[in-house]
Amino acid sequence: MPSRGWYVVSVVVLVAAVAGAIWLTMARVGDMGTALVQVVVPGGATLDLKQPGTYTVYHERTSTVEGRVYTSPSISGLRVSVRAADGREIAVRRPGGTSNYDFNGRSGISVLAFDIAAPGTYRFDATYDDGRQGPQTVLAVGTGFVGGLLVTIALALGVCFAGIAAALAIFLVVLLKRRRGLSMAMR
């Protein structure tokens, strides 16, 4: 007959699984935020894009850059351009769908997208149509962000559910074996 200590083991497995899922989520989401390049606009930046494909531009309605907090509900009248190192203009379009994020004091929504055929240096600029200098806001540029976020959530849920299943299995096996052992001892 298994000892009651196995009940404690099942609780430890459960707590470890939940803690592991939380740690995995926090670690990966924190790293993902650095994958988005923030640009204070109106203004621009040189982007070193490491892989070909579709890049999404997010309007960070709430953001912090170098200790300064930016809050802007709208980017109405803001025109964005992207140029390759050779000066060639890259077409900027609306994204195929809408995606959002809200973490670490940053809240963003996808507003634009562009495709690049080759990795390299690209110039990203954003100005207001009428030349005004405000309101300043933050645009963030990245690729695969939402997909990475979904993978992180799926992994965390998998760790959590696997731990719950293992803890429940240990608990039930111990419970059933102890009941069987006690009923045999009473005979």
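# Exercises on a predicted model

Apart from neighbours within four places in sequence, E60 is in contact with Q38, Y101, R106, S107, G108, T137, V138 and A140; contact means heavy atoms within 4.5 Å. The model is predicted, so local features need pLDDT of at least 70 and side-chain atom pairs count only at pLDDT 80 or more, while totals for chains, interfaces and linings use all residues. Residues are numbered from 1 along each chain as its sequence is written, and side-chain values use heavy atoms, with hydrogens and water left out.

## Exercise 1. The setting of E60

State in which strand E60 is found, whether E60 is buried or exposed, and which side chain its own side chain meets in a polar contact.

Solution.
1. E60 is found in strand β3. Strands (E, at least two residues) and helices (H or I, at least four residues) are DSSP runs, numbered from the N terminus.
2. The relative accessible area of E60 is 0%, so this residue is buried. Buried means under 20% relative accessible area, exposed over 50%, and partly exposed in between (1.4 Å probe, protein chains only).
3. The side chain of E60 makes a polar contact of 2.8 Å with the side chain of Q38. A polar contact is a pair of N or O atoms within 3.5 Å; within protein, one must be able to donate a hydrogen and the other to accept it, and residues adjacent in sequence count only if both atoms are side-chain atoms.

## Exercise 2. Aromatic pairs

Find how many aromatic pairs the whole structure holds, and classify the pair of Y7 and F171 and the pair of Y55 and F114.

Solution.
1. A search of the whole structure finds two aromatic pairs. Rings of Phe, Tyr and Trp (its six-membered ring) pair if their centres lie within 6.5 Å; planes under 30 degrees apart count as stacked, over 60 as edge-to-face and the rest as tilted.
2. Y7 and F171 lie 5.1 Å centre to centre with 50° between the planes, a tilted pair. This pair links distant parts of the chain, with Y7 in helix α1 (residues 5-34) and F171 in helix α2 (residues 145-186), 164 residues apart.
3. F171 has a relative accessible area of 34% and is therefore partly exposed.
4. Y55 and F114 are stacked, at 5.8 Å centre to centre and 15° between the planes. Y55 belongs to strand β3 (residues 53-65) and F114 to strand β9 (residues 106-116), 59 residues apart.
5. Both members of the stacked pair are buried, Y55 at 4% relative accessibility and F114 at 0%.

## Exercise 3. The nonpolar cores

Identify the residues that touch the most other members of the largest nonpolar core, and the strand that gives the most to this core.

Solution.
1. The largest nonpolar core has 24 residues, of which V57, F114, F124 and L139 touch the most other members. Such a core is a set of buried Ala, Val, Leu, Ile, Met, Phe, Trp, Tyr and Cys residues joined through side-chain atoms within 4.5 Å.
2. β9 gives the most to this core, with five residues.
3. Not counting neighbours within four places in sequence, F114 is in contact with residues including L49, Y55, V57, V82, I90 and V141.
4. A second, separate core of five residues includes L36, Y101, F103 and A140.

## Exercise 4. Strand β8 and its partner

Decide which side chains of strand β8 are buried, and name the bridge partner of Y101 in β9.

Solution.
1. Along β8 (residues 100-103) the side chains alternate: Y101 and F103 point to one face and are buried, whereas N100 and D102 point to the other and are not.
2. β8 and β9 run antiparallel and are joined by four bridges; two strands pair if DSSP finds at least two bridges between them.
3. The bridge partner of Y101 is G108.
4. The hairpin of these strands has two residues between them, and N104 there takes a positive phi near 50°.

## Exercise 5. R178 and unusual backbone angles

Establish whether R178 is buried or exposed, which residues R178 touches, and where P42 and E66 lie.

Solution.
1. R178 is found in helix α2 and, at 13% relative accessibility, counts as buried.
2. Not counting residues up to four places away in sequence, R178 touches M1, P2, S3, R4 and Y7. A polar atom of the R178 side chain lies 2.8 Å from the backbone oxygen of P2.
3. Most residues other than glycine have a negative phi, and most peptide bonds are trans.
4. The peptide bond from V41 to P42 is cis, with omega near 5°, and P42 lies in the loop between β1 and β2.
5. E66 has a positive phi of about 50° although it is not a glycine. This residue is found in the loop between β3 and β4 (68-71) and counts as exposed at 83% relative accessibility.
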